[in-house]
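Biologist: I should like to go through this structure with you, beginning with its charged pairs and then turning to the ligand and the surface. Please give the reasoning behind each reply.

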Amino acid sequence: MTGTFDFNNDSHRRYNPLTDSWVLVSPHRTQRPWQGQQEKTSADGLPEYDPTCYLCPGNVRATGPVNPKYESTFVFVNDYAAVKVDQPPYEQSGADDDDLKSRLLQAQGTRGTCFVICFSPKHNVTLPLMSVAEIENVLDTWTALYEKMKTETTFRYLQIFENKGAVMGCSNPHPHCQAWCTENLPSEPAKEFTSLRSYKAQHGTCLLCDYAIVEQQDPIRIVIQNESFIALVPFWAVWPFETLILAKSHTASLVDFSPKQKTDLADLVQKLTIRYDNLFQTSFPYSMGLHQAPINPLQDESQLAHFHMHFYPPLLRGATVRKFLVGFEMLGEPQRDLTAEQAADRIRAVEEVHYLLK
Ligand code: H2U
Ligand code: ZN
């Protein structure tokens with residue numbers, strides 16, 4: 001076949017230098033009909049207070065404790081934490097390198113603490129419906145928790161994340177996120193540190209600083225930006241409307257930002273999540289998380305770390321059609337139809353005023 005290769009029509013693979021992986025892009029497939037599963041949309045119009053909610057102020061949680069009548073954010077230790085502070089150390093038996101069993105059946109004991117962080121006392125106020133000052137307060141709560149765990153524990157990493165929406169397996173609509181603090185560095189940030197380290201060794205610069213420069217030169221994937229942060233659909237995005245919030249300056253973690261940078265981050269989180277909700281006029285589901293320096297860094301990790309946030313939303317072409325990573329994606333590699341540039345166009349095209357507030 002002759003002619004010129006067209007990124008909007010011809011299949012190709014894109015490389016993710018952060019995780020050293022590839023995604024297959026098939027832009028010619030965006031027209032295919034859909035007869036698969038339709039998800040129920042999340043019901044807007046939740047009450048401000050729900051007497052049966054485990055997270056609302058003054059209510060009793062599932063295991064008995066009573067929530068205080070909190071007025072801004074509220075942090076508590078997860079009643080069903082995935083990791084425990086106290087447990088016996090794990091000692092692998094027969095630690096002999098030549099032993100097949102100890103070579104192939106590796107395990108590590110891991111201790112830690114899991115927190116739940118309510119964003120607001122109001123049961124129905126998600127991030128896009130909060131003011132910039134209220135989101136800043138959430139950022140301050142994350143910062144304080146990071147500092148506390150850094151000072152008080154020897155745990156390695158604090159992974160802050162939000163599961164939003166029933167399709168993401170979120171068990172409660174009350175706006176909240178979680179923070180899991182673990183003795184080990186989890187696999188995703190570990191992969192990123194490996195990539196940041198080898199990029200630095202090869203080029204002498206930060207992969208994410210360089211990426212921010214490239215994206216600003218030709219802003220086709222940038223959704224919004226302000227003085228301190230960029231929100232963009234990464235070139236290598238897997239999820240249809242995946243985005244990355246990237247600090248423009250090389251900053252290791254939340255604790256290193258100035259008050260002005262924190263306000264800018266809150267502003268961008270608000271604007272991005274409003275656009276997400278407006279895209280399909282629904283409370284947009286996603287898993288979101290922060291990647292930053294470990295609380296107890298080893299070697300070069302605090303120099304390598306470049307603060308960013310990933311948003312992974314599962315919605316495909318409307319509020320009711322979700323994308324699953326199945327088939328080729330489970331057995332081969334992830335695949336997308338809509339290109340990152342087309343997705344950025346779509347997110348840019350919606351308004352910055354929330355549809356419920358109009
Ligand atoms: P989701 O982000 O998956 O909705 O998690 C909510 C968390 O809240 C979940 O991890 C915790 C669950 O263990 N939880 C409590 O700690 N106490 C409760 O009374 C209910 C839920
Ligand atoms: Zn509630």
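Modeller: Certainly; please bear in mind that this is a predicted model. The salt bridges come to a total of 20.

Biologist: How far apart in sequence are Arg-13 and Glu-333, which form a salt bridge?

Modeller: The closest N and O atoms of Arg-13 and Glu-333 are 2.8 Å apart. Arg-13 belongs to strand 1 (residues 12–16), whereas Glu-333 sits in the loop between helix 7 and strand 14 (335–336). The pair thus links distant parts of the chain, with a separation of 320 residues.

Biologist: Is Glu-333 buried or exposed?

Modeller: Its partner Arg-13 has a relative accessibility of 45% and counts as partly exposed. For Glu-333 the relative accessible area is 13%. Buried means under 20%, so the class of Glu-333 is buried.

Biologist: Which helices does the salt bridge between Lys-262 and Asp-140 link?

Modeller: The two side chains meet at 3.3 Å, N to O. Lys-262 and Asp-140 lie 122 residues apart, in distant parts of the chain. Lys-262 is in residues 259–279 and Asp-140 in residues 132–152, that is, in helix 5 and helix 2.

Biologist: Why does Lys-262 count as buried, and what is the class of Asp-140?

Modeller: Lys-262 counts as buried because its relative accessibility is 12%, and the class requires a value under 20%. Asp-140 has a relative accessible area of 36%. That value falls between the cut-offs of 20% and 50%, so Asp-140 is partly exposed.

Biologist: Where does Glu-227 lie, given its salt bridge with Lys-260?

Modeller: The side chains of Glu-227 and Lys-260 meet at 3.4 Å, N to O. Lys-260 is in helix 5, 33 residues away in sequence. Glu-227 counts as exposed at 63% relative accessibility, while Lys-260 is partly exposed at 41%. The place of Glu-227 is the loop between strand 7 (222–225) and strand 8 (229–232).

Biologist: Which residues are linked in a network of salt bridges?

Modeller: Side chains of opposite charge can pair when their charged atoms come close. Here such pairing joins several residues into a network. The residues are Arg-14, Glu-215, Arg-221 and Glu-341.

Biologist: Turning to ligand 1, what share of its area does the protein bury?

Modeller: Polar side-chain atoms of Asn-78 and Gln-178 lie 2.6 Å and 2.9 Å, respectively, from an oxygen atom of ligand 1. An N or O atom in the side chain of Asp-79 is 2.6 Å from a nitrogen atom of the ligand. Taken alone, ligand 1 exposes 470 Å², and the share buried by the protein is 86%.

Biologist: How many charged residues are in the shell around ligand 1?

Modeller: The ligand is surrounded by 14 residues, the closest being Ala-62, Asn-78, Asp-79, Ser-171 and His-176. By class, six of the shell are nonpolar and six are polar. The number of charged residues is two.

Biologist: Finally, which residues make the nonpolar surface patch of about 470 Å²?

Modeller: One of its members, Met-330, is found in helix 7 (residues 328–331). Met-330 has a relative accessible area of 64% and is therefore exposed, and a patch residue needs over 30%. The members of the patch are Phe-324, Val-326, Met-330 and Leu-331.

Note on methods. Residues are numbered from 1 along each chain as its sequence is written. Chains are lettered from A and ligands numbered from 1 in the order in which they are written. This is a predicted model: local features need pLDDT of at least 70, side-chain atom pairs count only at pLDDT 80 or more; totals for chains, interfaces and linings use all residues. Side-chain values use heavy atoms; hydrogens and water are left out. Patches are made of residues with over 30% relative accessible area and no salt bridge: like charges are joined within 9 Å, nonpolar side chains (Val, Leu, Ile, Met, Phe, Trp, Tyr) within 5 Å. Accessible areas come from the Shrake-Rupley method with a 1.4 Å probe; for residues, only the protein chains shown count as cover. A salt bridge is a side-chain nitrogen of Lys or Arg within 4 Å of a carboxyl oxygen of Asp or Glu. Helices (H or I, at least four residues) and strands (E, at least two) are DSSP runs, numbered from the N terminus. Buried means under 20% relative accessible area, exposed over 50%, partly exposed in between (1.4 Å probe, protein chains only). A residue is near a molecule or strand if one of its heavy atoms lies within 4 Å of it. A polar contact is a pair of N or O atoms within 3.5 Å; within protein, one must be able to donate a hydrogen and the other to accept it, and residues adjacent in sequence count only if both atoms are side-chain atoms. Ala, Val, Leu, Ile, Met, Phe, Trp, Tyr, Cys and Pro count as nonpolar, Asp, Glu, Lys and Arg as charged, and the others, Gly among them, as polar.
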